[in-house]
Amino acid sequence: MIGVQTSPLKNTDIFKPLKVGEHVLSNKVVYAPTTRLRALEDYTPSDLTLEYYNKRSRYPGSLLITEATLVSEQAGLYGTTPGIWNEKQVKEWKKIADKIHENGSFVSNQLWFQGRVGDPQLLRDHGLDLVAPSAIYPDDTSKEKAEAAGNPIRALTEKEIHEIIYDTYTNAAKNAIAAGFDYIELHAAHGYLLDQFLQPATNQRTDKYGGSIENRARFVLELVDHLTTVVGANKLAIRISPWAKFQGMKAEQDSTHPIITFSYLLHELQKRADNGNELAYVSVIEPRVNNNIDIDVSQQAGDNIFVGQIWKGIILKSGNYTYDAPHFNTLLNDISDNRTLVGFSRYYTSNPDLVKRLYEGWDLTPYDRDTFYTTNNWGYNTWNNYNENDEIDKNSEVNRKAKAIEEVKVK
């Protein structure tokens, strides 16, 4: 494989410390959330998960954000993804957070509610409904799957919305703090529940949670306001994707809707910041990617310039920062305001020591997309650091499945 060449960034502002919430990061390179399906069947993080985050947190002062973590069973249930709604999950997440802290780094837990894109069969098997802001499917295939499972999508009631905010997310947020997470990130991007409430393509409610921009943003802002009282604004963050078309979202190239909707949301968050409740950061996905797929320049819709014009706090931008390597001009331009962080995910998967490589200007190892969503250890914990040449047996790693962390020794 031909590596991605880089120039040393050690003498640039990327390695200038930045305070985020109550913590000071040593650098502005962030591990962005990446779903990798290595949890246990009971939605508990595994020994593979512990090893993974341990390897990627060894540059002291770095920030890592966990893969999307389900806030409850009702939140979606999806294969071997982790949750944080019960005591066992908290206990195992704490081992991971403790290891990251032992390495001198910080970690944010991304809280996740899938809504209409949850697995209808898994939900049905647990006696749970497939729910969303409105009974609108992402596509015909999703509708057929839900109907075949006998679990057609239905709209949440106002009572259920209240319970999600004040019970479900409260429990998950308290659990995240108990597990030792430094921050909590609300997943309001890529067509999941919070994003579904924000956007008219997925929210056609006629009550106080639908219709006008103010009403469509009500769920998210009510959730932010409540969790601010639970964990504190300086531990709370949110991720948005104004231009993503993933999972049936319909941001169009000539549409002003994303800017209008997300400008309102950001203005409201800034009002709260001005009144002493500033979020730790706002994470925004650049239009250069859609989920984990790069978008050709000719197909890119819109830009996120408006985000920084409205939100005055810390911003985390993610989306294909390696396209202009080795000089990383886009990255360097973005962090020049001394309040912007930059997220890497795919190249962080194949380069556990990514921050050190960027510091030194060492080549980056290409990632292998085919291993992203498997459930064994191959392509997960089998990537070497730059100065390592360990020979790894593929067959044994393919057969290595996730196990409970228990007393696993991690070097």
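This is a short talk about how one predicted model is put together on the inside.

Hi everyone. Before anything else, keep in mind that we're looking at a predicted model. I'll go through the core, then the strands, then a few charged and polar side chains.

Let's start with the core. In general, nonpolar side chains in soluble globular proteins tend to end up buried together. Here, the largest nonpolar core holds 95 residues. Which residues have the most contacts inside it? They are Tyr169, Leu186, Phe219 and Leu269.

Take Leu269 as an example. If we skip its neighbours within four places in sequence, Leu269 is in contact with Leu221, Val224, Ile238, Leu279, Val282 and Trp311. Apart from that core there's another one, of 14 residues, and Leu18, Leu25, Ala280 and Leu316 are among them.

Now the strands. Find strand E9, residues 183-188, on your screen. How many of its residues are buried? The count is 6 of 6. And E9 is covered on both faces. On one side you have Tyr183, Glu185 and His187, on the other Ile184, Leu186 and Ala188, and they're all buried. You've met Leu186 already, as one of the residues with the most contacts in the largest core.

Who are the partners of E9? Strand E6, residues 106-112, pairs with E9 in the parallel sense over 4 bridges. Strand E10, residues 236-240, also pairs with E9 in the parallel sense, over 5 bridges. Ile184 is a handy spot to look at here: Asn109 stands opposite Ile184, and Ile184 stands opposite Leu236 in E10.

Another strand to find is E14, residues 315-318. Both of its faces are covered as well, with Ile315 and Lys317 on one side, Leu316 and Ser318 on the other, all buried. Strand E11, residues 281-285, runs parallel to E14, and 4 bridges join them. E14 also pairs with strand E15, residues 340-344, again in the parallel sense over 4 bridges. Ser318 is the spot to look at this time: Ser318 is the bridge partner of Ile285, and Ser318 stands opposite Gly343 in E15.

Okay, on to charges. Arg239 is found in strand E10. This arginine is buried yet has no salt bridge. Where is the nearest side chain of opposite charge? That's Glu185, at 4.3 Å. A salt bridge here has to be within 4 Å, so this pair isn't counted as one. Arg239 does touch plenty of residues beyond four places away in sequence, including Ala32, Gln110, Glu185, Leu186, His187, Ile285 and Ser318.

Elsewhere there are salt bridges: the count comes to 22. One of them joins Lys235 and Glu22, at 2.9 Å from N to O. That pair links distant parts of the chain, 213 residues apart: Lys235 is in the loop between helix H8 and E10, and Glu22 is in the loop between strands E1 and E2. Are these two buried or exposed? Lys235 has a relative accessible area of 19%, so it counts as buried. Glu22, at 42%, is partly exposed.

Next, have a look at Arg154, in strand E8. Arg154 meets Asp129 in a salt bridge at 2.8 Å, and Glu160 in a salt bridge at 2.6 Å. Asp129 sits 25 residues away from Arg154, in the loop between helix H3 and strand E7. Arg154 is partly exposed, with a relative accessible area of 26%, and Asp129 is partly exposed at 32%. There's also a network of salt bridges that links Asp47, Glu51, Lys55, Glu397 and Arg400.

My last stop is Asn151, in the loop between helix H4 and strand E8. With 3% relative accessibility, Asn151 counts as buried. What does its side chain reach? A polar atom of that side chain lies 3.0 Å from the backbone oxygen of Leu128, and the side chain also reaches the backbone nitrogen of Leu130 at 3.2 Å. Asn151 is in contact with Asp129 too, the residue that meets Arg154 in a salt bridge. Arg124, 27 residues apart from Asn151 along the chain, has its C-alpha atom 6.3 Å from that of Asn151.

That's my tour, thanks for listening!

Definitions and conventions. Residues are numbered from 1 along each chain as its sequence is written. This is a predicted model: local features need pLDDT of at least 70, side-chain atom pairs count only at pLDDT 80 or more; totals for chains, interfaces and linings use all residues. Side-chain values use heavy atoms; hydrogens and water are left out. A nonpolar core is a set of buried Ala, Val, Leu, Ile, Met, Phe, Trp, Tyr and Cys residues joined through side-chain atoms within 4.5 Å. Buried means under 20% relative accessible area, exposed over 50%, partly exposed in between (1.4 Å probe, protein chains only). Contact means heavy atoms within 4.5 Å. Helices (H or I, at least four residues) and strands (E, at least two) are DSSP runs, numbered from the N terminus. Two strands pair if DSSP finds at least two bridges between them. A polar contact is a pair of N or O atoms within 3.5 Å; within protein, one must be able to donate a hydrogen and the other to accept it, and residues adjacent in sequence count only if both atoms are side-chain atoms. Lys and Arg count as positive and Asp and Glu as negative; His and the chain ends are not counted.
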